[in-house]
Amino acid sequence: MKIGIVGFPGSGKTTLFNALTGQNAPTGFGSSRVNLGAIKIPDRRVDRLAQIADPRKLTYAEATFADVPGGRGKESLDPQTIGRIREMDALVQVLRGFDDGTGDVGPLSELTAFEAELVLSDMQVIEKRLEKLRKDHSNPGFTKLLERCLEQLNAERPLRDISFSEEDLKALSGFALLTAKPLMLVLSRPESEAASPLPSELVSAARARHLELISLCGSVEAEIATLSPQDQLEFLAALGLEEPASARFLRAAFAMLDLISFLTHGPDECRAWPIRRGSTAVVAAGVIHSDIARGFIRAEVIKFDDLDRFLTEAACKEAGKFRVEGRDYVVQDGDICHFRFNV
Ligand SMILES: Nc1nc2c(ncn2[C@@H]2O[C@H](COP(=O)(O)OP(=O)(O)OP(=O)(O)O)[C@@H](O)[C@H]2O)c(=O)[nH]1
Ligand SMILES: [Mg+2]
């Protein structure tokens, strides 16, 4: 799962990437490298489980971020940049909300211009394929699906707003259509506005598109990342912030991907495991190890909140908070699972 940090040049992508990953990739114009970094998703539940179980090891869920340089165009995207964005599973668009010295700050126009570029690219891909399909009349169902996509794009609307069937999604997956990718927005702002409310016209634009919008100040976040946990809290309090924006950002990115975490705990390790929402117990078991899925017998499940309250498995059982589930049970966010298996 690769989440692309994308947007026009100089919007603050690399600065955000560095703050999130603790890396030191060069900022400023002209870099053409895609930077990659795995990030742990902070999770208070894992910390609490570790308190209860005192394990040797503690493991958070992880996500991979890719910092995709904006290219050369001020509000346009070149083919190389488009190709790189196409490889991503989900997108985070960084909108410049700080003055870069030119005096003009236009996050809303960056949002619409970027969207228009992606719409145009998807149109070209679909039109090209449609041209062929119409010539040889080979696949009327698929032709109809593509025509439906084209209609949406002609109305300047992204494909993610269409609710496709599983089957249609599969048929379209080979195109890696840009406007079908999950997207969230990040406004990068000057330090002086770190705790100010978001500009209302941008909030409306994001809402109209059903997109998550958060703001952060790249330079502040980069500084926070270098501090000890105690100093972080004091630094944040001085700015009027409750937690680093990066923590909020990661939670939002996780939600965008429709990922949830189930938890495991024991003397060896307490761990959060990311899975797609709606995954069944046997799928979750397979994330830990394919053998556990293959020999699946049952899942023993305790809700995090219950273990947090009753502290031991025995006490949870006594309170009726210990459940035995089969392979088709849909795992919920925060389920503490123990899989029984036999291979
Ligand atoms: N005030 C302020 N300046 C920032 C912020 N984020 C980045 N900058 C500055 O803006 C300049 C460009 O930032 P980068 O992070 O390199 O921009 P980029 O989006 O990676 O640019 P490309 O890689 O060329 O696409 C740098 O000088 C940063 O210090 C921010 O949130 N607030
Ligand atoms: Mg950059």
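Which residues are linked with Arg45 in a network of salt bridges? Select Asp43, Arg45 and Asp333 together: these three are linked in that network. Keep in mind as you click around that this is a predicted model.

**Stop 1: an arginine without a salt bridge**

Now pick arginine 189. You'll find it in the loop between strand β6 (183-188) and helix α7 (200-208). Is this arginine buried or exposed? Arginine 189 is buried, yet it has no salt bridge. Its nearest side chain of opposite charge belongs to glutamate 193, 4.2 Å away. A salt bridge has to be within 4 Å, so that pair doesn't count.

What does arginine 189 reach instead? Show the backbone of glutamate 193 as well: the arginine's side chain gets to the backbone oxygen there, at 3.3 Å. Then add serine 215, whose side chain makes a polar contact of 3.2 Å with the side chain of arginine 189.

To see what else is around, leave out the neighbours within four places in sequence and show the residues in contact with arginine 189. Among them are Gly97, Phe98, Pro197, Leu198, Leu216 and Cys217.

**Stop 2: a link across the chain**

How many salt bridges are there in this model? The count comes to 20. For one of them, select arginine 209 and glutamate 115, where the side chains meet at 2.9 Å, N to O. This pair links distant parts of the chain, 94 residues apart. Arginine 209 is in the loop between α7 and β7 (212-216), while glutamate 115 is in helix α4 (residues 107-136). Glutamate 115 has 16% relative accessibility and counts as buried because the cut-off is under 20%.

**Stop 3: strand to strand**

Next, select arginine 340 and glutamate 300. They form a salt bridge, with the closest N and O atoms 3.0 Å apart. Arginine 340 lies in strand β12 (residues 335-341) and glutamate 300 in strand β10 (residues 296-303), so the pair ties together parts that are 40 residues apart in sequence. Try a surface view on these two: arginine 340 is partly exposed at 36% relative accessibility, whereas glutamate 300 is buried at 7%.

**Stop 4: a partly exposed pair**

Finish with aspartate 161 and arginine 157. The closest N and O atoms of their salt bridge are 2.9 Å apart. Aspartate 161 is partly exposed, with a relative accessible area of 29%. Arginine 157 is partly exposed too, at 39%.

How values were computed. Residues are numbered from 1 along each chain as its sequence is written. Chains are lettered from A and ligands numbered from 1 in the order in which they are written. This is a predicted model: local features need pLDDT of at least 70, side-chain atom pairs count only at pLDDT 80 or more; totals for chains, interfaces and linings use all residues. Side-chain values use heavy atoms; hydrogens and water are left out. Helices (H or I, at least four residues) and strands (E, at least two) are DSSP runs, numbered from the N terminus. Buried means under 20% relative accessible area, exposed over 50%, partly exposed in between (1.4 Å probe, protein chains only). Lys and Arg count as positive and Asp and Glu as negative; His and the chain ends are not counted. A polar contact is a pair of N or O atoms within 3.5 Å; within protein, one must be able to donate a hydrogen and the other to accept it, and residues adjacent in sequence count only if both atoms are side-chain atoms. Contact means heavy atoms within 4.5 Å.
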